[in-house]
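Let's take a walk through this one together. Have the sequence and the model open side by side as you read.

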Amino acid sequence: MSTYVFIIICIIAYTIDEVMQMYIPTLDAKRVGEVIAKNRRRKGISQEVLSGLADIGRTHLSAIERGERKPTLETLYRISCALNIKMSDIVKEIEKCIEENNGTDI
């Protein structure tokens, strides 16, 4: 009986150790902002105009572009609509940018 208990304790300890060492990916706010700013400049519009079209504050957009804030899905959707770009295309571009700058992790 005690051998079985020992084996179970070892398995649990190993599993907990593995979980603690797992990599938890995070979204790089700087890369998100770079992609949004690049698309805005490509369209030739200012932060003031884009923020107005997306119905968000200019300072909020500026903070997103600088990587100080991460946009919510709603905000990213509004920005993509204002830029006349599919949100999925912006997300793909963000993923590509992250992969190019950080290896293959997203």
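Which residue follows α5, and what is the sign of its phi? That residue is Asn-84, and its phi is positive, near 60°. Before going further, keep in mind that this is a predicted model. The mean pLDDT of the protein is 86, with 77% of residues at 70 or more. Confidence varies along the chain: among the elements, helix α1 (residues 2–20) has the lowest mean pLDDT, 65, while α4 has the highest, 98.

Now back to α5 itself, which spans residues 73–83. Its buried residues are Thr-75, Leu-76, Ile-79, Ser-80, Ala-82 and Leu-83. Because they cover an arc of only 160° around the axis, they sit on the same side of α5. The general logic is familiar: an α-helix has 3.6 residues a turn, so residues three or four places apart point the same way.

Helix α3 (residues 47–54) buries Gln-47, Leu-50, Ser-51 and Ala-54. Here the arc is only 95° around the axis, so these residues end up on the same side of α3. Flip to the other side of α3 and you'll find Glu-48, Gly-52 and Leu-53 exposed. What covers the buried residues of α3? The cover includes α2, α4 and α5. Just after α3 comes Asp-55, with a positive phi near 55°.

Last stop: helix α2 (residues 29–43) against helix α4 (residues 58–65), whose axes come within 7 Å and cross at roughly 115°. From α2, the contact uses Ala-29, Gly-33, Glu-34, Ile-36, Ala-37 and Arg-40, and from α4, Leu-61, Ile-64 and Glu-65. Sorted by character, the residues of this contact are 5 nonpolar, 1 polar and 3 charged.

Note on methods. Residues are numbered from 1 along each chain as its sequence is written. This is a predicted model: local features need pLDDT of at least 70, side-chain atom pairs count only at pLDDT 80 or more; totals for chains, interfaces and linings use all residues. Side-chain values use heavy atoms; hydrogens and water are left out. Axes are lines fitted to C-alpha atoms, for helices over the stretch in contact, and angles run from 0 to 180 degrees between N-to-C directions. Helices (H or I, at least four residues) and strands (E, at least two) are DSSP runs, numbered from the N terminus. Contact means heavy atoms within 4.5 Å. Ala, Val, Leu, Ile, Met, Phe, Trp, Tyr, Cys and Pro count as nonpolar, Asp, Glu, Lys and Arg as charged, and the others, Gly among them, as polar. pLDDT is the predictor's confidence in each residue, from 0 to 100. Buried means under 20% relative accessible area, exposed over 50%, partly exposed in between (1.4 Å probe, protein chains only). The arc is that of the directions from the helix axis to the C-beta atoms.
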